[in-house]
Structures are given as structure tokens and as C-alpha cells.
Amino acid sequence: GTGATPTGTLTLMDGSSSGSMRLTGTLASGTYTFSTPAGFFLGGASTLTAQYSGDTSYAAASGMATAQAAYSNPTMTIQVGQSSISANSAVTVTVNVTSTAGNMPTGQVTISAGTFFLSGTLSGGAYTGTIPGNTFATGTQSITVTYSGDTYYSSLSQSTSITITPSTATYTVGASPLGTINVGSSGASTITVSSSNGYAGSVTLGCALTASPSGATVLPTCSASTNPIVLSSSATSGTGTVTISTTTTTPASRRSTGVLAAGMAFGILALLGLPRRRRGWSALLGCLLLLVALVGGVTSCGGGAASSGTGGGGSSGLTAGTYTFTVTGTGNPAITPAPTTTISVTIN
């Protein structure tokens with residue numbers, strides 16, 4: 001105007017921040033110069049609004065202008081629990097995103113290590129994440145953290161390294177004794193798998209016959225429970241079962257029938273093989289041979305029944321003696337060589 005010099009107050013707002021950032025000053029000779037603090041502008045284009053309060057001579061008024069603000073560059077620090085750690089151990093990563101621009105950085109951070117990725121939200125400019133054990137191979141490995149940026153700060157990516165040493169974590173496999181098994185029967189051994197030095201993972205049992213009496217051809221068999229045994233920091237041991245089964249073959253009564261049939265056949269052949277003029281006396285000989293076969297068959301049947309009652313190896317075809325089975329626990333993650341134990345069983 002052309003009259004009195006305006007007095008009163010001015011308020012400056014960044015429209016992009018929804019009026020949350022505002023500055024106020026008092027006119028002097030009709031002017032006021034604002035000095036904006038760090039963080040007043042959002043990154044990118046901002047709309048500034050100035051509001052005049054008015055005075056006794058002038059009405060309230062407002063005006064707008066556009067300002068272009070660059071995103072501020074934050075600072076990131078990455079801390080790992082230890083600079084050198086065993087391969088089976090988890091790695092704790094703490095990320096701090098800071099700035100001297102005024103506003104606390106917000107947004108997302110992503111921690112990556114090989115094929116492993118973990119994302120989280122900054123809280124107070126910080127985030128802590130955990131990389132599971134057995135993620136890294138041994139040697140010097142890289143951990144990369146990426147910050148997404150926010151309305152004030154630009155994105156940022158930074159890496160650090162960690163030395164991974166060979167894991168000392170393992171597990172042991174043990175078996176309860178089995179003792180003696182009679183032919184035709186079976187026995188079960190309890191297999192206990194226990195972690196050592198912090199092993200965590202799953203263990204699958206398998207078994208195989210690895211030693212048997214000399215000359216044995218009919219062999220016992222073994223089978224292991226199929227559910228993996230899971231080990232963790234809260235479950236440091238677990239159990240499974242290996243079952244040993246004996247094998248039975250042709251019963252003695254069938255062998256007796258074979259003896260009887262062979263004797264009868266021999267008698268008939270002896271009778272047919274003689275000249276007609278000699279068959280009179282030879283018929284008697286054939287009958288005697290049949291009688292011997294019958295008596296032998298009955299005797300054999302009786303012997304078979306007695307043998308079956310003893311449960312001996314001879315009546316089943318399975319050689320009596322001591323057999324050794326090896327039980328292997330295959331881990332995931334793997335331990336090389338896979339831990340084993342043995343089961344010795346005597347079969348009567």
C-alpha cells in the first residue's frame with residue numbers, strides 16, 4: 001500500500017509437510033527474513049505458504065511459492081556381534097541410520113547375505129536383525145544393508161565383512177543294547193541322537209547289516225523309523241527306533257514231504273527197471289523200499305517239529321551267531337562324515 005508501513009507477524013509453512021513445520025516472525029519496516037532449520041523442507045519440490053496476520057491498517061493476506069529441496073544424505077553404521085564366528089552360529093546385525101539434518105530417519109532396511117534376505121523397519125533410526133546359523137560358507141563373507149530412504153533422506157547401501165570359521169557343532173548317535181533274538185522273532189533298539197556344541201537341524205536315521213557269521217546266506221534285516229529327529233537350542237536330543245527282524249524259510253514239514261516223495265520215486269523206479277521174470281521177488285523189494293521211505297518221512301517230520309521248538313538257526317536257514325548292524329544319522333545341515341553307531345545282536 002501507499003500508506004503506513006505494515007506491521008504484524010508472518011508465518012511460513014512448507015505445504016508438503018501438511019503444516020507441521022511452520023516458522024513465525026515479526027515484521028520490521030515491513031519485511032522479515034526467515035532462516036529455515038534443517039529438516040524444514042521435504043525432499044523434492046515443496047510448496048511454501050506465507051501468511052500475514054494483518055494490522056490496524058492492513059487486512060490479513062497470504063502468498064505461495066515453490067522451492068526445490070535436495071534429499072539429505074544420511075549416515076549408516078553396521079555392527080555385527082563378532083568379527084569372526086563359527087559357521088553354525090547365528091549372526092546379529094545392528095543397523096543405525098543417522099543424520100545431522102534434524103529429522104530422525106525412518107523407512108525400511110534390508111539385510112542380505114548371499115541368498116538370505118531380511119527386511120525390517122527403523123525404530124529410532126535403528127534396526128537389529130539375525131542371520132541364522134549355517135547361512136554362510138567358511139571364509140570371509142559379506143553382509144550388505146540397504147536403506148530405502150524416506151521423505152527427507154536419500155537411499156543408501158553399505159557392506160561389511162565377517163569371517164566364518166568351520167563349525168564345531170555336531171551330534172552323536174547311540175543305540176540301546178539288543179542282546180539275543182530267536183529266529184522268527186524281532187527286536188527293537190532305541191536310537192538316541194544328541195547335539196554337541198550347539199548343533200541345530202534334523203537327523204534322519206538309516207541302518208545296514210555290516211557283519212555276519214562266516215558262510216551265512218539267509219540274513220536278518222533292519223529298518224529305521226522314518227521321522228527325522230529335530231535338534232535345536234531347546235531340544236538337544238531326540239530318539240528313534242531301529243528294528244531287527246529275522247528271516248524264516250521252508251518249514252521242516254515240507255522237507256519231510258520231499259524225503260517221502262524221493263523214497264517212493266526210488267522204489268517205483270527200482271521196480272520198473274527189472275525184467276518181467278524177476279518182478280515177482282522184486283515187487284517185494286519195492287514194497288520194502290516204500291516202507292523205508294515212509295518210516296524215514298515220519299521220522300523226519302518228528303525231527304522237524306522238535307527242531308522248530310528250539311528256535312535254532314538250523315531249522316530256519318538263518319545261520320546262528322552274532323550279527324552287526326550300523327546305524328547312520330544323516331544330518332541337515334550335513335556333518336561329514338555322518339555320525340554312526342553299531343548294534344550287535346546274537347541270533348539263536
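# A walk through a strand-rich model

Y153 is buried, because its relative accessible area is 2%. Y152 is buried as well, at a relative accessible area of 17%; the cut-off for that label is under 20%. The model that holds these two tyrosines is predicted. A pair of aromatic rings is described by the distance of the centres and the angle of the planes. The count of aromatic pairs here comes to three. In one of them, the rings of Y152 and Y153 have centres 6.4 Å apart and planes at 55°, so the pair is tilted. The tilted class lies between two limits: planes under 30 degrees apart would be stacked, and planes over 60 would be edge-to-face.

Next, the whole chain. The protein has 348 residues, and 32% of them are buried. Its secondary structure consists of 21 strands and two helices. Take the contacts between residues at least 6 apart in sequence: 63% of them join residues at least 24 apart. The exposed surface comes to about 18600 Å². Carbon and sulfur atoms supply 56% of that area.

Now to the sheets. Strands of a sheet pair through backbone hydrogen bonds, either parallel or antiparallel. One open sheet has three strands in the order 5-7-10, and the pairing is antiparallel. Its edge strands are strand 5 (75–80) and strand 10 (126–131), each paired on one side only. From one strand to the next, the twist averages 20°.

Strand 7 covers residues 91–98 and pairs with strand 5 over six bridges, in the antiparallel sense. Six bridges also join strand 7 to strand 10, again antiparallel. Individual partners can be traced across the sheet. M76 stands opposite V97 of strand 7. Q79 has T94 of strand 7 as its bridge partner. T94 in turn has T128 of strand 10 as a bridge partner. Strand 7 also has two faces. V91, V93, V95 and V97 make up the covered face. T92, T94, N96 and T98 make up the uncovered one. V97, the residue opposite M76, is therefore on the covered side, while T94 is on the uncovered side.

A second open sheet has four strands in the order 13-15-19-17, with antiparallel pairing. Strand 13 (170–175) and strand 17 are at its edges. Each has a single partner strand, so one side of each is left without a neighbour in the sheet. Neighbouring strands here are turned by 25° against each other on average, direction ignored. Inside the order, strand 15 (residues 186–196) and strand 19 (residues 237–245) run antiparallel and are joined by nine bridges. One bridge partner to look up is that of S186: S245, in strand 19.

Strand 17 also leads to the disulfide. A disulfide is a covalent bond between the sulfur atoms of two cysteines. The structure holds one. C207 and C222 form it, with their sulfur atoms 2.3 Å apart. C207 lies in strand 16 (residues 201–211) and C222 in strand 17 (residues 221–224), so the pair ties together parts that are 15 residues apart in sequence. The angle about the S-S bond is 115°, and the link is right-handed. C207 counts as partly exposed because its relative accessibility is 23%.

Two further residues show the chain meeting itself across sequence. T328 sits in strand 20 (residues 321–332). At 26% relative accessibility, T328 counts as partly exposed. T328 and T204 are 124 residues apart along the chain, yet their C-alpha atoms are separated by 8.1 Å. T204 is also a contact of T328, as are L205 and G206. A338, P339 and T340 complete the contact list of T328, with neighbours within four places in sequence left aside.

S155 is the other residue. It is found in the loop between strand 11 (139–147) and strand 12 (156–165). With a relative accessibility of 51%, S155 counts as exposed, because the cut-off is over 50%. S155 and S72 are 83 residues apart in sequence, and their C-alpha atoms are 9.5 Å apart in space. Not counting residues up to four places away in sequence, S155 touches Y147, S148 and G149.

Technical notes: Residues are numbered from 1 along each chain as its sequence is written. This is a predicted model: local features need pLDDT of at least 70, side-chain atom pairs count only at pLDDT 80 or more; totals for chains, interfaces and linings use all residues. Side-chain values use heavy atoms; hydrogens and water are left out. Buried means under 20% relative accessible area, exposed over 50%, partly exposed in between (1.4 Å probe, protein chains only). Contact means heavy atoms within 4.5 Å. Accessible areas come from the Shrake-Rupley method with a 1.4 Å probe; for residues, only the protein chains shown count as cover. Two strands pair if DSSP finds at least two bridges between them. Axes are lines fitted to C-alpha atoms, for helices over the stretch in contact, and angles run from 0 to 180 degrees between N-to-C directions. A disulfide is a pair of cysteine sulfur atoms within 2.5 Å. Rings of Phe, Tyr and Trp (its six-membered ring) pair if their centres lie within 6.5 Å; planes under 30 degrees apart count as stacked, over 60 as edge-to-face and the rest as tilted.
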